[in-house]
Amino acid sequence: MTKLLEINHIQTLCFAKGFSPARLNVATSPFRISRRGGGGYCSNACIPYRLKFTCYATLSAVVKEQASDFSGKEAALLVDELRSNFNSGRTKSYEWRISQLQNIARMIDEKEKCITEALYQDLSKPELEAFLAEISNTKSSCMLAIKELKNWMAPETVKTSVTTFPSSAQIVSEPLGVVLVISAWNFPFLLSVEPVIGAIAAGNAVVLKPSEIAPAASSLLAKLFSEYLDNTTIRVIEGGVPETTALLDQKWDKIFFTGGARVARIIMAAAARNLTPVVLELGGKCPALVDSDVNLQVAARRIIAGKWACNSGQACIGVDYVITTKDFASKLIDALKTELETFFGQNALESKDLSRIVNSFHFKRLESMLKENGVANKIVHGGRITEDKLKISPTILLDVPEASSMMQEEIFGPLLPIITVQKIEDGFQVIRSKPKPLAAYLFTNNKELEKQFVQDVSAGGITINDTVLHVTVKDLPFGGVGESGIGAYHGKFSYETFSHKKGVLYRSFSGDADLRYPPYTPKKKMVLKALLSSNIFAAILAFFGFSKDS
């Protein structure tokens with residue numbers, strides 16, 4: 001398969017296939033990247049691959065890749081089939097929607113063990129963490145949709161104005177049509193199924209493209225969806241870059257993507273060709289600002305829960321870095337060390353309660369962050385690695401250089417830099433100096449600081465005195481702002497993100513006044529001006545030929 005791709009596509013291929021896009025310097029002479037003579041084997045892909053490409057300073061490249069079983073023609077036929085079935089009206093009925101949601105709930109109950117095993121195979125995710133973070137959350141979203149679906153589907157009555165009297169009006173939710181969900185590898189079950197729940201609840205036909213970096217979960221989702229759901233309107237397409245490219249070449253009514261900003265730019269560019277709306281659930285450097293007046297043990301435990309006990313830091317809402325005062329830093333570090341040993345033992349690399357890094361590429365990426373100049377000597381705890389198990393021990397660093405990749409890029413791993421400031425309020429400027437994060441956390445007993453944090457820190461979501469738990473509250477929208485994403489979902493927000501709110505005005509043939517029709521007389525003008533200003537008394541006077549001043 002040969003394609004001309006923008007440089008962003010090249011970078012995406014590098015990430016997918018295990019090469020660092022930082023090594024691509026398009027300002028220099030052409031060069032060739034290869035591994036073992038241009039080939040390699042990816043243990044986390046569905047099939048072996050061979051990759052060889054040449055990159056040029058023209059910002060495009062020819063990429064030759066093993067032929068895909070899913071071509072652009074097949075993608076077009078798939079979308080046409082789903083659109084035809086959607087246009088038949090079958091997905092719009094309450095009965096279809098509720099039956100599919102009930103089937104998802106039944107699927108989760110009956111296949112919990114299979115789901116847990118797939119998550120362990122992909123990420124060594126501990127069973128309890130898999131249940132709490134993925135299975136339970138997904139089941140909760142599904143049950144909420146089942147419970148509230150009739151209410152969500154009910155038209156919302158709104159007030160009308162005197163200018164349309166007599167009339168009534170409603171806001172009617174309608175499905176968008178055929179939607180594409182592209183999910184991520186770090187929570188491969190939750191981030192695949194939860195958006196699909198919203199799309200089904202809203203009455204859409206859906207294509208799910210799971211991440212190929214979590215192949216066990218991807219394969220399981222394809223199998224389970226074919227067994228439990230309506231395959232004429234809900235489909236799973238597995239694969240990597242070629243399959244995703246074929247899907248993005250089609251016209252969708254919405255694209256929902258969870259992942260990184262680099263690929264999000266490709267998604268958005270593809271969507272723009274057809275003016276397709278997008279939801280981009282991205283990430284960023286999520287800060288935790290820690291005041292000195294906190295319950296130190298509780299704060300430490302909750303930071304650990306939002307970092308290392310959250311998929312070993314491979315979470316878009318995980319704590320990316322901590323800000324505290326110079327005077328308090330040593331106390332916080334000591335508390336973190338104590339609680340880390342309590343949670344994971346003296347040798348965290350042997351702990352069964354710590355997920356592994358997803359693949360060798362991401363392991364090497366994190367390892368290179370630790371080996372960067374000016375960083376290695378900043379380690380105050382941890383730093384141990386075992387490449388054969390793809391594990392890195394919980395690592396704390398103090399005051400790493402601001403110019404380091406650890407402070408410029410989203411870490412997405414078990415490394416936690418702590419940045420110190422003179423006054424806790426100085427931490428606000430540190431946060432504002434970076435792109436807006438998906439989540440921001442504050443630990444304090446100071447109500448004024450809390451108020452200032454909520455008002456002045458722009459983030460997708462905020463939790464005070466804890467981490468990550470705001471995403472479990474289904475009445476709160478979950479989504480980013482700025483570079484951390486576009487759009488939101490969870491609970492009713494999932495239903496609404498896959499719906500169009502259609503305004504409908506109802507009128508009868510009675511009460512037809514000639515005020516709106518020509519000829520336009522001074523009297524009509526006086527009456528209409530009074531009506532539009534909601535001055536009924538003046539309108540009555542004008543109707544009978546009087547002004548309110550006469």
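1. E212 first: this residue is buried, at 18% relative accessible area (buried is under 20%, exposed over 50%, partly exposed in between, with a 1.4 Å probe and protein chains only). Its partner K209 is buried as well, at 2%. The two side chains meet in a salt bridge, 3.3 Å from N to O (that is, a side-chain nitrogen of Lys or Arg within 4 Å of a carboxyl oxygen of Asp or Glu).

2. A word on what we're looking at: this is a predicted model, where local features need pLDDT of at least 70, side-chain atom pairs count only at pLDDT 80 or more, and totals for chains, interfaces and linings use all residues. Numbering runs from 1 along each chain as its sequence is written, and side-chain values use heavy atoms, with hydrogens and water left out.

3. Over in helix α7 (residues 215-228), K223 and E227 sit four residues apart, about one turn of the helix (helices are DSSP runs of H or I, at least four residues, and strands are runs of E, at least two, numbered from the N terminus). Their salt bridge has its closest N and O atoms 2.8 Å apart. K223 is partly exposed at 44%, and E227 also comes out at 44%, partly exposed.

4. Helix α12 (residues 360-371) has E367 and K371 four residues apart, so about one helical turn separates them. They form a salt bridge too, at 3.3 Å between the closest N and O atoms. E367 is buried at 11%, whereas K371 is exposed at 59%.

5. That pair isn't on its own: K364, E367, K371 and E387 are linked in a network of salt bridges. For the whole structure, the search finds 23 salt bridges.
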